[in-house]
Structures are given as structure tokens and as C-alpha cells.
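This report goes through the backbone, the sheets, the packing and the internal space of one model. The structure comes first, and the description follows it.

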Amino acid sequence: MVNVTIAGGSGQVSREIIDALLAAKKHRITILSRREVPTTTTIAPEIQWQVVDYDDKKLLVEALRGTHTLLSFVQILSDPDQKSQKNLIDAAIAAGVRRFAPSEYGSKGTVDMAWWYGKEKVREYLEEVNANGKVLEYTLFQPGLFLNYLAYPHKTAKYVDPLQSVFDFEHKRAIVVDGHEDAIITLTSVADLAAVVAKAVDYEGAWPKIGGIRGNRVTFSQIVEIGRRVRGSFAVDKVKVEDLEAGELKTSWGLEAVHKAVSADQASALLKAVSIGILLSSTKGVWDISDEWNQLLPDYMFTSIEDFLGEVWSGKE
């Protein structure tokens, strides 16, 4: 049993992982939050909730004393300089925290995805603090895109909301970059991510810096073929790299559902940027996730994309 602290424990992904940790019945869990426990939220008796100010390093050090593993889910978008996570890292080192996972949970690179550029600042800072010898062990949990998003609008996770992607199984269509039909994307279910993170907390060996979690490694064309098998037909809009690079998305349809963390006035521009970013970055290999945690947890069986989508879409128009 170890003490696990969750920074940003009220978010959707963090709550999935907290449930997986609770199910293991092995750890003491502390949630760090800027706010008091919401009145609409019931927390398990095994969880301690602590209000913190991420600008107050001294308070953070005290909050982290006795922590073995620190998992961060701090919002990237709302903190362009990543001051909160940098302060969290400094406090973790001062408090003697053994292991840390920054707020990642996506692709291995951030090229063409400006909304994730903050991750690079945190990665660089972790390299910097460990430059003269390891003072904080860490891993970058990278599962690729959530497989659950291909079930939109159906909710297939307890907390993570459905989100649209360039693969629209509801309307039997996809957007693909012309000439890059074999671009690779990794799709991992939310449940698999949560299970692997919980197992990683139990793992007694050294954490790998790059923590790839490879649920399903498929090409865009393979997803289209799966779509045709599962949905009967699947239309493809092809876009050109040069148009995407010019900020133009020349398609017959676009994304409409936005993450709760995004304000209404940002939504339209961000949805377009997300589509362009995912498509462009896929041509550069950033969604081709490595398999470090697959290798370290060889007995874990991941959810198959075809089984998952077949179950979700069976009998639906």
C-alpha cells in the first residue's frame, strides 16, 4: 500500500483513474483541488480531499509530505506557462515524492496541436530538474486518442463525456488526409487507461520516462474499413495537407461537440483547430504511440477496437 496523491482530482479522466485505484483496495488517496468538495459530489471514505493553492509552494510541500506517487491532471489550457505543474514538481521534489506523472494522457507529440503545447514546457522542466541526476522518477502516460470517442454520442465511460472526432460513426463518415490514408493512430479505451495507470502505481520497477499505452494501433484506412463492417457504409472526405497547413478545413461536415473545459466563445475556432491539428499531426507520426506499459504489463488484455465498436453500434441505425 502506498500514498497516492491526485492533483486536479475533479476532472473526468482523473475520476476514472481514481475509481480504478479504489477498486484495487491497496492505496491511500489524497485529492488536491483548488476548491472545496462540490456539494453534488460524494467522495469515498478512503479519499482525503485537500484544498491547495498551486502558487503557494510551501503549502504544496506540506500537502505532499508522505506521498509516494503523484498523478497530475492539472488543466493545460488554462495555464499557458504551466506554472502550476512546475510548482507541483518543485514541491514534489522538496517533499520527497518518489514518482510523478504529469498531465499527459494523449499523443506522444504536440506538433500542430497548439492546445497541447503546454505539455512540452512540463516535459522540458522534468528533463531540467533531472539533468544532474534523477531527483524525481516520472512517466508520460500516453494512450493516444480515447477509443470511446468513436462511440459518440453514446457515453461508454463513467465520467469521460462523449466527444466527436474526425471519425464520425454516428453519421457513418470520416475525414482523411489525401495521400496519408495509412497514417497511424493509437486508440485506447478510457477503462484500459485507468486500469494501466492503477497497475503502474503497483509496479515496483522503475517507471519508463515515455509511458506509451497502446490499446489499438491502426491506420485511418483500417478505421474506415471497420466503419463499413460495423455500420454498413462509411463516407470519406479527403483533405489536402496544403489546405490544412493554410488553416482551411475543406469538408462537408465539422465537429460540433466541445469539451466542458472550453468556453462557448472559444468553441468554434477550437473545434476547427482540433480537427486540423489531429489530421496534420497524424501525418507526422505523433499518434503512433509506443508500447512501454504493454511490455511491462504483458498479461493485461486491451479492449479491441472492432469488439468495442461492434458492441456499441450493434442494432443502431
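Pro-153 is placed in the loop between β8 (145-146) and β9. The model is a predicted one, and in it the peptide bond from Tyr-152 to Pro-153 is cis, with omega near 10°. Tyr-152 is also one of the residues that line the largest cavity.

**Cavities**

Two cavities of 30 Å³ or more turn up when the whole structure is searched. The largest has a volume of about 40 Å³. Its lining consists of Tyr-149, Tyr-152, Leu-163, Gln-164, Ser-165, Phe-167, Asp-168, Phe-169 and Glu-170.

**The β9-β10 hairpin and its partner**

Asp-168, part of that cavity lining, stands opposite Arg-173 in β10. Strands β9 (residues 167-168) and β10 pair in the antiparallel sense over two bridges. They form a hairpin with four residues between them, and the turn contains Lys-172. Arg-173 also stands opposite Ala-235 in β14; β10 and β14 (residues 235-239) pair in the parallel sense, here over five bridges. How much of β10 is buried? Four of the five residues in β10 (residues 173-177) are buried, which leaves the strand mostly covered.

**Positive phi values**

Two loop residues other than glycine, Gln-82 and Lys-172, have positive phi. The table places each one.

| Residue | Phi | Loop | Relative accessibility |
|---|---|---|---|
| Gln-82 | about 60° | between β4 and α3 (83-95) | 1% |
| Lys-172 | near 60° | between β9 and β10 | 25% |

Gln-82 counts as buried because its relative accessibility is 1%, and the cut-off for buried is under 20%. Lys-172, at 25%, counts as partly exposed. A positive phi, near 50°, also occurs at Lys-25, the residue that follows helix α1.

**Helix α1 and the six-stranded sheet**

Helix α1 (residues 12-24) has 13 residues, so at 1.5 Å a residue it should span 18 Å; its end C-alpha atoms lie 19 Å apart, in agreement with that value. Its buried residues are Gln-12, Ser-14, Glu-16, Ile-17, Ile-18, Ala-20, Leu-21 and Leu-22. What covers these buried residues includes β1 (3-7), β2 (28-33), β3 (47-51), β4 (69-72) and α5.

The four covering strands named here belong to an open sheet of six strands, in the order β3-β2-β1-β4-β5-β6 and with parallel pairing. β3 and β6 (137-138) are at the edges with a single partner strand each, so each has one side without a neighbour in the sheet. Within the sheet, β1 and β2 pair in the parallel sense over five bridges; Asn-3 has Arg-28 in β2 as its bridge partner.

**Nonpolar cores**

In soluble globular proteins, nonpolar side chains tend to be buried together. Which residues touch the most other members of the largest nonpolar core? They are Leu-71 and Phe-141, in a core of 79 residues. Helix α5 (residues 190-202) supplies the largest share of this core, nine residues. Another core, of 23 residues, lies apart from it and has Val-61, Leu-64, Leu-70 and Leu-126 among its members.

With neighbours within four places in sequence left aside, the contacts of Phe-141 are Leu-71, Ala-101, Glu-104, Tyr-105, Gly-106, Val-197, Ala-200, Trp-207, Gly-211, Ile-213 and Trp-293.

Methods
Residues are numbered from 1 along each chain as its sequence is written. This is a predicted model: local features need pLDDT of at least 70, side-chain atom pairs count only at pLDDT 80 or more; totals for chains, interfaces and linings use all residues. Side-chain values use heavy atoms; hydrogens and water are left out. Buried means under 20% relative accessible area, exposed over 50%, partly exposed in between (1.4 Å probe, protein chains only). Two strands pair if DSSP finds at least two bridges between them. A nonpolar core is a set of buried Ala, Val, Leu, Ile, Met, Phe, Trp, Tyr and Cys residues joined through side-chain atoms within 4.5 Å. Contact means heavy atoms within 4.5 Å. The expected span of a helix is 1.5 Å times one less than its number of residues. On a 1 Å grid over the protein atoms alone, a cavity is a set of points where a 1.4 Å probe fits but cannot get out, and a pocket is an open set with protein on both sides within 12 Å along at least five of seven lines; lining residues have an atom within 4 Å of a point. Grid points are joined across faces, edges and corners, and a volume is the space filled by probe spheres set on the points.
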